[in-house]
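Here are my notes for anyone opening this structure for the first time. Have it on screen while you read, and click along as you go.

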Amino acid sequence: MGPIRADADASLSLPRLYALRAGYLFFAVGLVVTKWPLLIGHDLAWPLFEGIETSILVAFSLLALLGLRYPVRMLPVLLLECLWKLIWVTAVALPLWSAGRIDEATGQVLFACLWVLVIVAVIPWRFVLSHYVTAPGDRWRPDQIADPPRPPAPAATRRDVPIT
């Protein structure tokens, strides 16, 4: 039996950690299946943006695999995945949809972005709020003290010395 862990994941239940791991697995497998073949089998005349996008998404898949081992520590990876898709849907897809101008390629990306709902479902949002949004931030200046100062210990008095 290993040592008792007193770190951040102690506040999440084991089923919650397994749900997070399932989210990382879903995320990683999806990218491994769709993006790794592009990276491994590309030709030398690869378009610049396609190479950048594929490289970033393969890196995401590796971080998601790391999330299987460290589900709490890797939460920012899942948050980034949710945020970029939310921003893209809001800034790109919704205006095109409201104007009736979504083409086939944009529709495919929009459909792929909707799979992020699986990730949204497994993220422990109360934990994210309490540990990333409302928790005090790390210090900014070297003159700030990490722990509040403690009052000095009282000096020993003559009464403390046993009488013989």
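The points below start with the overall picture and then go into a few side chains.

1. First, a word on trust. This is a predicted model, with a mean pLDDT of 87. Of the protein's residues, 83% reach a pLDDT of 70 or more. Where should you be careful? Over residues 1–6 pLDDT stays under 50, and for that stretch the model has 2 contacts beyond four places in sequence. I'd read nothing into how that end is drawn.

2. The fold is easy to describe. The protein has 7 helices and 0 strands, so if you go along the sequence the pattern reads α-α-α-α-α-α-α. The contacts say something about how the chain comes together: counting those between residues at least 6 apart in sequence, 72% join residues at least 24 apart.

3. Next, inside and outside. The protein has 164 residues, and 25% of them are buried. About 12500 Å² is exposed, and carbon and sulfur atoms supply 69% of that area.

4. How many salt bridges are there? The count comes to 2. Take lysine 35 and glutamate 53, whose closest N and O atoms are 3.9 Å apart; the cut-off is 4 Å, so this pair counts as a salt bridge. Lysine 35 sits in the loop between helix 1 (14–34) and helix 2 (36–40), while glutamate 53 belongs to helix 3 (residues 48–69), so the bridge ties together parts that are 18 residues apart in sequence. Lysine 35 counts as buried, at 17% relative accessibility, whereas glutamate 53 is partly exposed at 30%.

5. In another salt bridge, lysine 85 meets glutamate 81, with 2.6 Å from N to O. Both residues lie in helix 4 (residues 75–98), 4 residues apart, or about one turn of the helix. Are these two buried or exposed? Lysine 85 is buried, with a relative accessible area of 12%, and glutamate 81 is buried too, at 4%. Try looking at this pair right after the one in point 4.

6. Now the aromatic rings. A search of the whole structure turns up 3 aromatic pairs. One of them is phenylalanine 27 with phenylalanine 60, which is tilted: the ring centres are 5.9 Å apart and the planes make an angle of 55°. This pair links distant parts of the chain, since phenylalanine 27 is in helix 1 and phenylalanine 60 is in helix 3, 33 residues apart. Both phenylalanine 27 and phenylalanine 60 are buried.

7. Phenylalanine 111 and tryptophan 115 make an aromatic pair as well. Their ring centres are 6.1 Å apart and the planes stand at 85°, so this one is edge-to-face. Phenylalanine 111 is exposed, with a relative accessible area of 53%, and tryptophan 115 is partly exposed at 46%. Together with Phe26, these residues form one aromatic cluster: Phe26, Phe111 and Trp115.

8. Keep that cluster in view for the surface. Which residues make the nonpolar surface patch of about 770 Å²? They are Phe26, Phe111, Leu114, Trp115, Leu117, Val118, Val120 and Trp125. Helix 5 (104–114) and helix 6 (116–122) are the elements that give two or more residues to the patch, and helix 6 gives the most, with 3. Valine 120 is a good one to click on: this residue lies in helix 6 and is partly exposed, with a relative accessible area of 31%. A patch residue needs over 30%, so valine 120 qualifies.

9. Last, a look at another residue of helix 5. Threonine 106 lies in that helix and counts as buried, at 13% relative accessibility. What does threonine 106 touch, not counting residues up to four places away in sequence? Trp88 and Leu96. Compare this buried threonine with phenylalanine 111, which is exposed.

Definitions and conventions: Residues are numbered from 1 along each chain as its sequence is written. This is a predicted model: local features need pLDDT of at least 70, side-chain atom pairs count only at pLDDT 80 or more; totals for chains, interfaces and linings use all residues. Side-chain values use heavy atoms; hydrogens and water are left out. Buried means under 20% relative accessible area, exposed over 50%, partly exposed in between (1.4 Å probe, protein chains only). Contact means heavy atoms within 4.5 Å. Accessible areas come from the Shrake-Rupley method with a 1.4 Å probe; for residues, only the protein chains shown count as cover. A salt bridge is a side-chain nitrogen of Lys or Arg within 4 Å of a carboxyl oxygen of Asp or Glu. Patches are made of residues with over 30% relative accessible area and no salt bridge: like charges are joined within 9 Å, nonpolar side chains (Val, Leu, Ile, Met, Phe, Trp, Tyr) within 5 Å. pLDDT is the predictor's confidence in each residue, from 0 to 100. Rings of Phe, Tyr and Trp (its six-membered ring) pair if their centres lie within 6.5 Å; planes under 30 degrees apart count as stacked, over 60 as edge-to-face and the rest as tilted.
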